[in-house]
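User: I should like to learn how to read the main features of a protein model, one at a time. Please give the general idea and then the case at hand.

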Amino acid sequence: ADPSPVLSCDHTSGQMFPYGTTVVTCTARDHAGNSSSDEFFVTVQDSTGPVIEGVTLATMRRTARSQHVTGVRLITNEDMDLAKARNLSNYSIVTPGANGQPPHTLALQSADYDAATRTITITAARPIRLNSCASVSESLALFRRFQTCEHSASYLVQAKSALTDIAGNHLDGNADGIAGDDYVGRLGIGTKLRYRDLGQDRVTL
């Protein structure tokens, strides 16, 4: 017996393994040229929640008299569960209401997911006018401080933590490394947007 055979493995020490199970094979060879091989399994599980990395306006439609957008797009950093990404109950689009009117929840037509770009597209049943103010959220209190919108479209975008990646991890909305939070962000396009934030400070964009 050789007390100090040469050991080699098809994966090196410190190598990063992908999610899932990887077979590692190691071989011991003695000075006489005899060898013996064995294998073991390394399993890496995804335990981090997906994060929304960006939000953009969906397709814009222009006519001679007005401009509209069809909805919003959410860009995620992981492959999402298709059924949950397409579930309309995970999103809402709310307009703050003009001239003192209460906020209004718009009807949604669809939510779709493009796995190639990891993009969720939320489409309203009716196009949203560019010179209106719209918000995507489930909490109306977030935009009651909203003041005026001049030739702009404004969105508070919220995706619920019920969204999961394909491993079943819930959305990490505030990107703190802990899954289970809603995502909330503001998206606007136009010339001027005025509102009061949650600290009652006036903000002009």
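**Reading the model feature by feature**

User: How much surface does the protein expose, and what share of it do carbon and sulfur atoms supply?

Analyst: This is a predicted model. The protein exposes about 12000 Å², and 50% of that area is supplied by carbon and sulfur atoms. Of its 205 residues, 35% count as buried.

User: Which secondary structure elements are there in the protein?

Analyst: The protein has 1 helix and 14 strands. As for contacts with a separation of 6 or more, 51% are made by residues 24 or more positions apart.

User: How do strand 2 and strand 3 run, and how many bridges join them?

Analyst: A general point on strands comes before the case. In a regular strand, side chains alternate between the two faces of the sheet. Here strand 2 (residues 20–29) and strand 3 (residues 35–44) run antiparallel and are joined by 10 bridges. Thr 25 stands opposite Glu 39 in strand 3. The two strands form a hairpin with 5 residues between them, and in the turn Gly 33 has a positive phi of about 95 degrees.

User: What disulfide does a search of the whole structure find?

Analyst: In general, a disulfide is a covalent bond between the sulfur atoms of two cysteines. The search of the whole structure finds 1 disulfide. It is formed by Cys 9 and Cys 26, with their sulfur atoms 1.9 Å apart. The link is right-handed, with 105 degrees about the S-S bond. Because Cys 9 lies in strand 1 (residues 6–9) and Cys 26 in strand 2, the pair ties together parts that are 17 residues apart in sequence.

User: Is Cys 9 buried, partly exposed or exposed?

Analyst: The range for partly exposed lies between 20% and 50% relative accessible area. Cys 9 has 41% relative accessibility, so Cys 9 counts as partly exposed.

User: Which residues have the most contacts inside the largest nonpolar core?

Analyst: In soluble globular proteins, nonpolar side chains tend to be buried together. The largest nonpolar core here has 22 residues, and those with the most contacts inside it are Leu 74, Tyr 91, Ile 120, Ile 122, Ala 159, Leu 163 and Tyr 183. Two or more residues come from each of strand 4 (52–57), strand 6 (67–76), strand 9 (108–114), strand 10 (119–129) and strand 12 (146–159). Strand 10 gives the largest share, 4 residues.

User: What is Tyr 91 in contact with, leaving aside its neighbours within four places in sequence?

Analyst: With those neighbours set aside, the contacts of Tyr 91 include Leu 74, Ile 120, Ile 122, Ala 159 and Leu 163. Lys 84 and Gln 158 are also among them.

Methods
Residues numbered from 1 in each chain as written. Predicted model: local features only at pLDDT ≥ 70, side-chain atom pairs only at ≥ 80, totals over all residues. Heavy atoms only, no water. Buried < 20%, exposed > 50% of the residue type's maximum accessible area, 1.4 Å probe, protein only. Contact = heavy atoms within 4.5 Å. Areas by Shrake-Rupley, 256 points an atom, 1.4 Å probe, with all protein chains shown as cover. Pairing = 2+ DSSP bridges. Core = buried A, V, L, I, M, F, W, Y, C linked by side-chain atoms within 4.5 Å. Disulfide = S-S within 2.5 Å.
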